[in-house]
Each structure stands twice: as structure tokens, then as C-alpha cells.
2 protein chains.
Amino acid sequence: MKKPLILVTNDDGITAKGIAMLVDIVRPLGEVVVVAPDSPQSAQGHAITIKDPLRLKPSKVFDGIKAFECSGTPVDCVKLANNVVLNGRKADLCVSGINHGSNAAINILYSGTMSAAMEASLEGIDSIGFSLLDFSHDADFEQGRKFVTKIIQQVLDKGLDNCKLLNVNIPNLPESEIKGIKVCRQADARWNENFQEGKDPMGRPYYWLTGEFQNDDTGIDSDVAALDEGYISVVPSMHDLTAYKAKESMGSWFETI
Amino acid sequence: MKKPLILVTNDDGITAKGIAMLVDIVRPLGEVVVVAPDSPQSAQGHAITIKDPLRLKPSKVFDGIKAFECSGTPVDCVKLANNVVLNGRKADLCVSGINHGSNAAINILYSGTMSAAMEASLEGIDSIGFSLLDFSHDADFEQGRKFVTKIIQQVLDKGLDNCKLLNVNIPNLPESEIKGIKVCRQADARWNENFQEGKDPMGRPYYWLTGEFQNDDTGIDSDVAALDEGYISVVPSMHDLTAYKAKESMGSWFETI
């Protein structure tokens with residue numbers, strides 16, 4: 001049987017520990033190609049680079065794996081991978097991450113990791129974004145290896161039908177304490193922003209974004225609830241943002257015009 | 001009755017023609033505060049600035065209106081507006097745009113205009129993003145004035161219940177040829193990317209993103225279909241990306257783990 005073509009990307013940059021783990025996991029599963037940012041691109045959301053040219057350079061970060069570093073955003077990486085690096089060959093799977101930090105709940109909107117996976121899903125490619133609930137540079141990704149491998153294997157075996165994108169978050173626990181994997185919905189949580197205000201060396205004011213994550217969602221089937229219980233959360237996700245209920249209730253709003 | 005507090009932002013920058021029109025429209029409707037990027041921020045999606053401090057400067061672009069220009073992304077503008085400029089006062093309405101160019105279909109994902117409005121909706125603020133299907137710098141926004149005014153007035157009067165975000169696109173037609181306003185769903189269209197490849201003055205290769213919009217969605221209730229027919233499209237939109245059908249069908253995938 002032909003080996004699946006697996007595209008790997010992330011938002012923490014090609015030298016991050018999380019992507020090294022992901023490459024290590026998919027290496028035996030197919031033909032692996034990596035296109036990842038040449039610098040950290042966290043919180044870039046679905047940004048793309050249109051005003052400037054992009055650079056793409058071969059990378060030797062992963063022994064024996066075809067890899068490129070890109071000057072753009074995570075979504076740029078996927079577009080360049082599909083159109084230039086793979087030159088029209090369609091990947092069978094795109095995996096993004098493993099992100100250093102949670103992309104559960106509304107963090108999917110801000111996340112470069114998830115936006116890269118979503119971009120691949122827009123191209124019809126089965127896509128998975130992985131995140132570990134540990135922001136630290138030297139987070140221990142080994143603890144999730146068994147589960148990440150299992151999820152990727154399931155998607156390669158069964159394929160994604162009703163959606164093309166999974167948002168996977170891994171609790172920051174030793175493997176023995178992870179209770180399993182739960183398919184969930186996105187929690188309706190929020191950020192309480194705050195800005196650190198200060199003056200720069202020239203005496204001019206600045207504002208630096210910081211904030212606290214707050215989960216008011218009391219449902220037991222949300223990703224945040226699953227993670228709190230020690231499960232890995234899997235949220236099947238999509239790019240259709242239509243609020244269908246509101247579409248029905250607003251149907252008569254503008255008939256008079 | 002107390003005047004509503006209306007926050008205005010965009011992604012084309014505070015000096016763009018589209019935001020001038022929007023400010024002109026909302027000026028008589030409430031207390032208006034503008035926080036917009038100090039430079040063009042198209043296609044920034046839901047990107048936020050976390051590695052660098054942000055700058056916020058009073059602007060005199062709009063006569064008699066409290067306005068600030070911000071060094072960050074459109075989403076940064078909304079966060080700064082809510083937390084610093086309005087200092088905890090909650091806006092009654094956020095309007096974003098009017099964008100120079102379409103944000104129909106999947107363009108909502110890439111759009112800074114729509115991401116700014118979505119950010120405000122995450123804060124529980126009724127929010128509307130407006131876009132005109134004309135990319136040009138000196139697009140004629142006057143043609144949509146009557147309809148934009150009507151939509152804002154409706155939202156101020158009735159409030160948004162089942163969703164907090166509307167994606168409004170205006171066809172590039174004289175007012176007399178616009179047939180009315182249709183509440184729609186997001187078309188499942190796509191971009192066929194292409195990269196302009198070249199060499200810079202140092203002889204190094206570069207890749208510049210370009211592409212063509214392709215609509216394969218044949219449904220008559222999509223935003224692209226409404227725009228093609230000469231209607232203004234209104235898509236009630238949300239930030240819950242869960243693919244609920246897939247959630248049901250995948251419920252048993254991981255039970256064995």
C-alpha cells in the first residue's frame with residue numbers, strides 16, 4: 001500500500017520541541033514533509049502575508065526528513081506547502097503542533113497552530129492540531145506520545161468525513177494519569193484581558209497584552225471540562241461560522257427594504 | 001433616552017475611506033469612539049500582538065469624535081478599546097469597516113475587519129462587520145449608505161439575540177441597482193492560490209501570495225449567491241467552531257483507549 005503523504009507544521013517555529021515530537025511520531029507512518037515558520041508565530045490566528053514576499057529555505061532540523069522553514073505565518077506555511085513544496089500533490093493528512101500551550105475553547109480563534117490545520121482542512125485535507133497544556137519552552141511532550149499516535153492512526157485509518165479538522169488538547173499530566181480521549185464541543189470560555197501599562201525609555205506610554213482565561217461554561221461535554229477531568233479533548237471543528245439559528249430568526253428583519 | 005455607545009474600528013487603517021463613511025453614518029446615532037490601526041492590517045485574521053508592546057495615540061482624523069490610532073492588529077484595537085480607552089464601559093455596538101473588498105464566504109477567516117467585530121462579539125457586544133466588494137483605495141462607499149444605516153438602526157433597535165455578530169457585504173453597484181438585504185449563510189467557497197515566484201536584487205528566491213476566489217457552492221441561500229444577484233448579504237456568525245454532526249458520529253472513536 002502506498003504510504004500516506006503527511007504534512008507537518010506548527011506556530012512555535014521549526015526548532016520548537018513540540019514539532020520535533022510530532023515529526024518523530026509521524027515518521028514511521030508515511031512520507032513526511034515539514035513546512036514550518038522560521039520564528040515563533042504564536043497568536044497569529046488566520047493571518048496571511050499579502051504585502052510582502054515570503055522566503056522558503058530547506059532545513060536540516062529533522063534528520064532524513066524533507067523540511068523547509070518559511071518566513072511567514074502558519075497559514076502561509078500551509079499555502080506554500082500545498083502550492084510550491086508539494087507542487088500540487090495533495091497531502092493525505094496535515095498535523096500541526098504540538099503547540100506549547102492550550103488551544104482549547106475560544107483559543108482556536110487566536111491560535112496559529114489551529115489556523116494552519118484549518119487552512120489545510122479548507123483544501124480538503126484531513127487535519128489535526130495538537131496542543132499540550134504547558135506553555136514552557138522545555139515542556140515534556142513525551143507524556144502524550146501514546147495518545148497522539150493513536151489519534152493520528154485512527155484518522156489515517158478511518159478518514160474524517162463530517163468535518164476535516166480536529167482540535168486536540170492534551171492535559172499536562174504524566175501518561176499514567178491521562179484517563180483517555182473524549183470527543184467534545186468547544187467550551188464557551190473567555191479571556192479577561194488586562195494590559196500592562198508602562199513608559200518606554202523615551203517616556204512614551206505603551207500597553208502590553210496580558211490576561212486570564214475564564215471558563216464560565218458549566219457543560220460536561222466541553223473540551224475544557226474534559227481536560228479538567230484529565231482527558232485528552234478532541235473537538236471536531238469547521239470553518240462555517242454561520243449561526244444557523246440566528247439566520248432563521250432574522251429571516252424577516254429586512255423584508256421591507 | 002441614553003445614547004448608545006458605539007465603537008468603530010477597521011483593518012484598512014484609521015485614514016481609510018471606508019471607516020470615514022462608517023463614522024459619518026454612526027455619528028448621529030450615539031456616542032462614538034474610534035480605535036483603529038495606524039497602518040493597513042488587511043488579512044491579519046484573529047492575530048493578536050503578544051511579543052511586543054502596543055502604542056495608542058489620540059487621533060484628530062474625525063472632527064469632534066474621540067479617536068485613537070493603534071500600532072497593533074484589528075483585534076488588538078478592540079481589546080485596547082474595551083480595556084483601556086473605554087476603561088471597562090461596555091459598548092452597546094461595535095461596527096467594523098467598511099472594508100475595501102469582500103469578506104463574504106471563507107474570507108471571514110482571513111479578514112481583520114471581521115476578526116475585530118468577532119472579538120467585540122466575544123465580549124458580548126452586538127457587532128457588525130461591513131465590507132464593500134471594491135478593493136480600490138477610492139471605492140465609492142456612498143452607494144451603500146442607506147442600507148448600512150438601516151442595518152445598524154435595526155441592530156440598535158432590536159439587539160442581536162441568537163448571535164452577536166453579523167457579516168455584511170455590499171455589492172459594488174449604484175444604490176438604485178441594489179435589490180435589498182438578504183439574511184444568508186456563509187458560502188463554502190475557496191481560494192485557488194498561486195504564488196508569484198521571483199528573485200530579489202540579491203538573487204534569492206521569493207514567493208508572493210496571490211490567488212483566485214472560486215465559488216463551488218450552488219446553494220441559493222449563500223452570501224455569494226445573494227451578492228451575485230445584487231443583494232446585500234447579512235450572515236449571522238458565531239465563534240463556536242464545533243462541528244456538531246461530526247461530534248456525534250465520532251463519539252465512539254476513542255472508547256477503547
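What follows is a chat about a predicted model with a chain A and a chain B.

Colleague: What pLDDT does chain A average, and how many of the residues score at least 70?

Modeller: Since this is a predicted model, that is a fair place to start: chain A averages a pLDDT of 95, and 98% of the residues score at least 70.

Colleague: And what ipTM and pTM does the predictor give the complex?

Modeller: The complex has an ipTM of 0.93 and a pTM of 0.95, both given by the predictor.

Colleague: How many residues of chain A are in contact with chain B?

Modeller: On chain A there are 61 residues in contact with chain B, and they meet 61 residues of chain B. The element giving the most to the side of chain A that touches chain B is helix 7 of chain A, residues 244-249, which supplies five residues.

Colleague: What does that side of chain A have by class?

Modeller: Sorted by class, the side of chain A that touches chain B has 34 nonpolar residues, together with 17 polar and 10 charged ones.

Colleague: Let's turn to helix packing. At what angle do helix 1 and helix 5 of chain A pack?

Modeller: Helix 1 of chain A, residues 17-26, packs against helix 5 of chain A, residues 145-158, at an angle of about 55 degrees, and their axes are 10 Å apart. The two helices are therefore oblique to each other, and helix 1 of chain A passes helix 5 of chain A in a right-handed crossing.

Colleague: Which residues make the contact there?

Modeller: From helix 1 of chain A the contact takes M21(A), I25(A) and V26(A), while helix 5 of chain A brings R145(A), V148(A), T149(A) and I152(A). By class, this contact of helix 1 with helix 5 in chain A has five nonpolar residues, one polar and one charged.

Colleague: How do helix 2 and helix 4 of chain A pack, at what angle and with their axes how far apart?

Modeller: Helix 2 of chain A and helix 4 of chain A, the latter covering residues 112-122, pack at an angle of about 30 degrees with their axes 8 Å apart. Angles under 35 degrees count as roughly parallel, so helix 2 of chain A is roughly parallel to helix 4 of chain A. The crossing of these two helices is right-handed.

Colleague: Which residues of helix 2 and helix 4 of chain A make that contact?

Modeller: Helix 2 of chain A contributes P74(A), V75(A), C77(A), V78(A) and K79(A), and helix 4 of chain A contributes G112(A), T113(A), S115(A), A116(A), E119(A) and A120(A). The residues of this contact between helix 2 and helix 4 of chain A divide into six nonpolar, three polar and two charged.

Colleague: Over to chain B: how many residues of helix 2 are buried?

Modeller: Helix 2 of chain B, residues 74-85, is mostly covered, with 10 of its 12 residues buried. Among them are P74(B), V75(B), C77(B) and L80(B), as well as D76(B) and K79(B).

Colleague: What phi does N87(B) take, just after helix 2 of chain B?

Modeller: There N87(B) takes a positive phi of about 50 degrees, although N87(B) is not a glycine. For background, most residues other than glycine have a negative phi. N87(B) is found in the loop between helix 2 and strand 5 of chain B.

Colleague: Is N87(B) buried or exposed, and why?

Modeller: N87(B) counts as exposed because it has 8 C-beta neighbours inside 10 Å. In chain A, N87(A) has a positive phi of about 50 degrees without being a glycine, and with 8 C-beta neighbours inside 10 Å, N87(A) counts as exposed.

Colleague: Where are the cis peptide bonds at I98(A) and I98(B)?

Modeller: In chain A, a cis peptide bond joins G97(A) and I98(A), with omega about -10 degrees, and I98(A) has its place in strand 5 of chain A, residues 93-100. In chain B, the bond from G97(B) to I98(B) is cis with omega near -15 degrees, and I98(B) is found in strand 5 of chain B.

Colleague: One last spot: is D126(B) buried or exposed?

Modeller: D126(B), which lies in strand 6 of chain B, is buried, with 24 other C-beta atoms within 10 Å. Leaving out residues up to four places away in sequence, D126(B) touches D92(B), L93(B), V155(B), G159(B), L160(B) and K164(B). From D126(B) to I6(B) is 120 residues in sequence and 9.9 Å in space, C-alpha to C-alpha.

Conventions: Residues are numbered from 1 along each chain as its sequence is written. Chains are lettered from A and ligands numbered from 1 in the order in which they are written. This is a predicted model: local features need pLDDT of at least 70, side-chain atom pairs count only at pLDDT 80 or more; totals for chains, interfaces and linings use all residues. pLDDT is the predictor's confidence in each residue, from 0 to 100. Two residues are in contact if their C-beta atoms, placed from the backbone, lie within 7 Å. Helices (H or I, at least four residues) and strands (E, at least two) are DSSP runs, numbered from the N terminus. Ala, Val, Leu, Ile, Met, Phe, Trp, Tyr, Cys and Pro count as nonpolar, Asp, Glu, Lys and Arg as charged, and the others, Gly among them, as polar. Axes are lines fitted to C-alpha atoms, for helices over the stretch in contact, and angles run from 0 to 180 degrees between N-to-C directions. Angles under 35 degrees count as roughly parallel, over 145 as roughly antiparallel, 65 to 115 as roughly perpendicular and the rest as oblique. A crossing is left-handed if the near helix is turned anticlockwise from the far one by less than a right angle, and right-handed if clockwise. A residue is buried if 20 or more other C-beta atoms lie within 10 Å of its own, exposed if 12 or fewer, and partly exposed in between; C-beta atoms are placed from the backbone.
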